[in-house]
Amino acid sequence: MKFPGRRQHKHYFPVDNKNPLTNQVNRASQLVRNYIVGIDQTLVDIEAKVDQAFLDEFGLQRGMSQVISDDVTERLYNRLKDEALVNYEFAGGTIANTIHNYSVLADDRSVLLGVMSNNIKVGDYAYRFLSNTSSRVDLNHLQPVDGPIGRCFTLIDDSGERTFGINAGLINHLRPESINEELIANASALVISSYLMRTQPGDTMTEAAIKAVECANAANVPVVLTLGTKHLIEKEPEFWREFVQKHVNVLTMNEEEALAITGYSDPLQAADCCLDWVDLVICTAGPEGLYMAGYVDDKFKRETEYPLMPGHVPDFNRYEYSRPMRLSDCEQPIRIYTHTAPYMGGPDSIKNTNGAGDAALAAILHDLSANVYHKRNVENSSKHIQSALTYSSLSQMSKYANRASYEVLVQHSPRLSRGLPEREDSLEQAYWAK
Ligand SMILES: Nc1ncnc2c1ncn2[C@@H]1O[C@H](COP(=O)(O)OP(=O)(O)OP(=O)(O)O)[C@@H](O)[C@H]1O
Ligand SMILES: O=c1[nH]cnc2c1ncn2[C@@H]1O[C@H](CO)[C@@H](O)[C@H]1O
């Protein structure tokens with residue numbers, strides 16, 4: 001687990017000056033390792049720039065992630081190839097991207113559950129998926145299938161809006177028997193998306209995902225759900241509200257998905273509403289940055305040093321320096337919120353917004369997992385007198401998340417190829433701990 005300990009306390013990464021973990025890290029042999037588990041539909045993204053006429057021709061609804069038939073796929077793919085419209089073909093999947101990014105940021109293990117073709121040829125989609133995934137992502141638990149993985153046509157128009165066309169292959173054939181209960185019960189978190197519930201009759205993915213979720217719930221392992229796309233939620237908002245309330249601890253979404261599940265367009269109000277159901281909420285809002293909301297026990301609350309901010313909850317960021325807790329661990333729960341504008345105001349030129357939200361979640365997962373790691377290895381640290389969900393405060397984490405999103409915005413792919421710099425060139429020398 002990577003702890004860039006040179007960063008000063010006010011920076012976005014976990015640092016505890018009183019109990020520096022680095023002293024312990026040197027005794028490598030005694031360290032207890034931890035990992036997170038993600039379940040996804042194994043997809044390769046095929047990205048191309050297209051216009052509205054192109055979407056109309058193939059009956060695709062702009063902005064949606066939709067499943068397409070083999071016939072449409074064939075025609076679509078041939079058109080893209082004939083006109084040389086494909087920018088890149090790269091491993092995708094919202095959760096696979098997230099746990100890949102987690103492993104890159106944390107420099108540590110994650111486990112991906114899903115399917116993988118039994119028969120792989122150099123250069124085919126399965127090969128591409130595997131070779132574009134960090135070696136820190138443990139792929140040993142993938143379930144073999146007799147056929148292809150999926151393709152996700154990622155069609156981007158002039159306004160930057162993305163339309164996904166999914167050719168499913170066998171992505172939804174993950175069986176409940178392939179979910180190893182012990183693996184889930186010992187994880188630091190289980191990460192899933194709402195896409196796992198979009199299946200056809202005969203598919204077993206939903207059943208497998210539910211089994212994993214129930215197993216995580218029983219073992220008190222935090223379940224992290226990302227809402228994926230607003231259209232899925234809009235179809236059955238009541239189902240999703242119930243599901244979230246019953247099974248989920250950490251909910252991640254963008255402002256459109258937040259509107260779909262809560263009915264509120266204000267991201268802060270929506271995040272506040274979701275706290276009725278879950279312990280921790282992350283709501284990204286594109287150029288507006290990111291909102292987070294959570295709970296802390298009154299005796300552990302910490303006041304911010306930043307100016308207080310107005311909003312749906314007046315002075316909402318007052319306790320943003322607090323480390324969030326599960327509601328059930330609070331004797332006197334209070335709600336805490338934070339907002340962070342995009343890192344450096346956002347990049348001068350955005351190369352790609354695809355996966356910016358996934359990267360934000362990867363950073364939060366890193367912090368959550370770092371907390372488990374620290375707790376297991378430095379159990380009697382004063383840090384763990386408070387039974388917190390994460391290593392850092394809400395405020396620090398949201399800065400870290402925005403920093404990770406920025407990195408995706410300035411590159412062409414949703415997957416990070418390297419960790420964040422140890423020192424930011426853009427920040428003045430005084431910012432760094434000596
Ligand atoms: N136009 C932008 N300008 C500046 N920052 C941006 C912009 N778009 C996104 N970001 C940054 O990226 C983060 C996540 O963005 P966004 O809300 O677009 O995620 P998302 O829609 O969930 O993405 P995805 O589903 O592709 O992962 C924001 O919190 C912000 O920090
Ligand atoms: O149905 C789906 N299941 C899983 N992942 C999906 C689906 N549709 C789109 N993405 C994935 O979302 C990522 C960006 O956040 C893309 O990389 C794409 O592969």
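**Ligand shells and nonpolar core of the predicted model**

Ligand 2 is surrounded by 17 residues, of which Ser-65, Gly-92, Thr-94, Cys-152 and Tyr-195 are the closest. Two or more residues of this shell come from each of β2 (43–49), α4 and β10 (162–167). By class, the shell around ligand 2 consists of 6 nonpolar, 8 polar and 3 charged residues. The model is a predicted one, and the values reported here are computed from it.

Thr-94, one of the closest residues to ligand 2, is placed in helix α4, which spans residues 94–106. Thr-94 has 29 other C-beta atoms within 10 Å and is therefore buried. Beyond its neighbours within four places in sequence, Thr-94 is in contact with Asp-40, Ser-193, Tyr-195, Thr-226, Gly-228 and Asp-358. Tyr-195 is itself among the closest residues to ligand 2.

Asn-97 is also located in helix α4. Asn-97 counts as buried because it has 29 C-beta neighbours inside 10 Å. Its contacts, leaving aside neighbours within four places in sequence, are with Gly-92, Gly-355, Asp-358, Pro-414 and Arg-415. Asp-358 thus appears in the contact lists of both Thr-94 and Asn-97.

Thr-94 and Asn-97 both fall under the UniProt annotation "binding site", which comes from an unreviewed entry. According to that record, the annotation also covers Asp-40, Gln-41, Thr-42, Leu-43, Val-44, Asp-45, Gly-93, Ile-95, Ala-96 and Arg-198. Asp-40, as noted above, is one of the contacts of Thr-94.

Around ligand 1 there are 20 residues, and the closest are Thr-284, Pro-342, Gly-346, Gly-357 and Ser-405. The elements contributing two or more residues to this shell are α12 (356–377) and α13 (394–409). The largest contribution to the shell around ligand 1 is that of α12, with 4 residues. In terms of class, 8 residues of this shell are nonpolar, 11 are polar and 1 is charged.

The largest nonpolar core comprises 112 residues. Within this core, the residues with the most contacts are Leu-190, Ala-212, Val-281, Ala-360 and Leu-365. Helix α12 gives the most to the core, with 9 residues. Helix α12 is therefore the leading contributor both to this core and to the shell around ligand 1. For Leu-365, contacts other than those with neighbours within four places in sequence are made with Ile-36, Tyr-102, Ala-189, Val-191 and Val-224.

How values were computed:
Residues numbered from 1 in each chain as written. Chains lettered and ligands numbered in written order. Predicted model: local features only at pLDDT ≥ 70, side-chain atom pairs only at ≥ 80, totals over all residues. Near = placed C-beta within 6 Å. Nonpolar A, V, L, I, M, F, W, Y, C, P; charged D, E, K, R; others polar. UniProt positions renumbered as here; feature names shortened; annotations may be inferred. Buried ≥ 20, exposed ≤ 12 C-beta atoms within 10 Å, placed from the backbone. Contact = placed C-beta atoms within 7 Å. Core = buried A, V, L, I, M, F, W, Y, C linked by C-beta atoms within 7 Å.
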